[in-house]
Amino acid sequence: MVVLVIWVFAAATEMGQGWVEGREPQLIDWVANMAGAVCGLLLGSAALRLLFFDR
């Protein structure tokens, strides 16, 4: 479910660039947004497991 929300937010961010002068939505930017968000999710999950569940 979290990945779906990240997917929608990244798409909305890219589509919003269409209204900003000098910017345009691009698929590669959306893929980069998704990759960064998923990496952050994975690293954050790993950090939480180390901090709270490995005791």
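Partly exposed describes a residue whose relative accessible area lies between the buried range, under 20%, and the exposed range, over 50%. Keep that in mind as you move through this predicted model.

**Stop one: Leu 41.** Select Leu 41, which you will find in helix H2, residues 27-52. Its relative accessible area is 29%, so Leu 41 counts as partly exposed. Now show what surrounds the residue: setting aside neighbours within four places in sequence, Leu 41 is in contact with Val 2, Val 3 and Ile 6. Try a distance label between the C-alpha atoms of Leu 41 and Val 3; it should read 8.7 Å, although the two residues are 38 residues apart along the chain.

**Stop two: Met 1.** Next, go to Met 1, in the segment before H1. Is Met 1 buried or exposed? With a relative accessible area of 79%, Met 1 is exposed, because the cut-off for that class is over 50%. Add Leu 4, Trp 7 and Val 8 to your selection and turn on the surface: together with Met 1 they form a nonpolar patch with about 470 Å² of accessible area.

**Stop three: Glu 14.** Follow helix H1, residues 2-16, to Glu 14. Here is a residue to linger over: Glu 14 is buried yet has no salt bridge. Which side chain of opposite charge is nearest to Glu 14? That is Arg 23, 5.7 Å away. A salt bridge needs a nitrogen-to-oxygen distance within 4 Å, so this pair does not qualify.

Show polar contacts and you can pick out other partners for this side chain. One is the backbone nitrogen of Gln 26, which the side chain of Glu 14 reaches at 3.3 Å. Another is the side chain of Asn 33, joined to that of Glu 14 by a polar contact of 3.2 Å. For the wider surroundings, leave out residues up to four places away in sequence; Glu 14 then touches Glu 24, Pro 25, Gln 26, Asp 29, Trp 30 and Asn 33.

**Stop four: the loop.** Pick Glu 24 from that list and you arrive in the loop between H1 and H2. From C-alpha to C-alpha, Glu 24 and Glu 14 are 7.8 Å apart, with their positions 10 residues apart in sequence numbering. Beyond residues up to four places away, Glu 24 touches Glu 14 and Gln 17.

Finish on Gln 17, which is also found in the loop between H1 and H2. Its relative accessible area is 11%, so Gln 17 is buried. Around Gln 17, again leaving aside neighbours within four places, look for contacts with Arg 23, Glu 24, Pro 25 and Asp 29.

How values were computed
Residues are numbered from 1 along each chain as its sequence is written. This is a predicted model: local features need pLDDT of at least 70, side-chain atom pairs count only at pLDDT 80 or more; totals for chains, interfaces and linings use all residues. Side-chain values use heavy atoms; hydrogens and water are left out. Helices (H or I, at least four residues) and strands (E, at least two) are DSSP runs, numbered from the N terminus. Buried means under 20% relative accessible area, exposed over 50%, partly exposed in between (1.4 Å probe, protein chains only). Lys and Arg count as positive and Asp and Glu as negative; His and the chain ends are not counted. A polar contact is a pair of N or O atoms within 3.5 Å; within protein, one must be able to donate a hydrogen and the other to accept it, and residues adjacent in sequence count only if both atoms are side-chain atoms. Contact means heavy atoms within 4.5 Å. Patches are made of residues with over 30% relative accessible area and no salt bridge: like charges are joined within 9 Å, nonpolar side chains (Val, Leu, Ile, Met, Phe, Trp, Tyr) within 5 Å. Accessible areas come from the Shrake-Rupley method with a 1.4 Å probe; for residues, only the protein chains shown count as cover.
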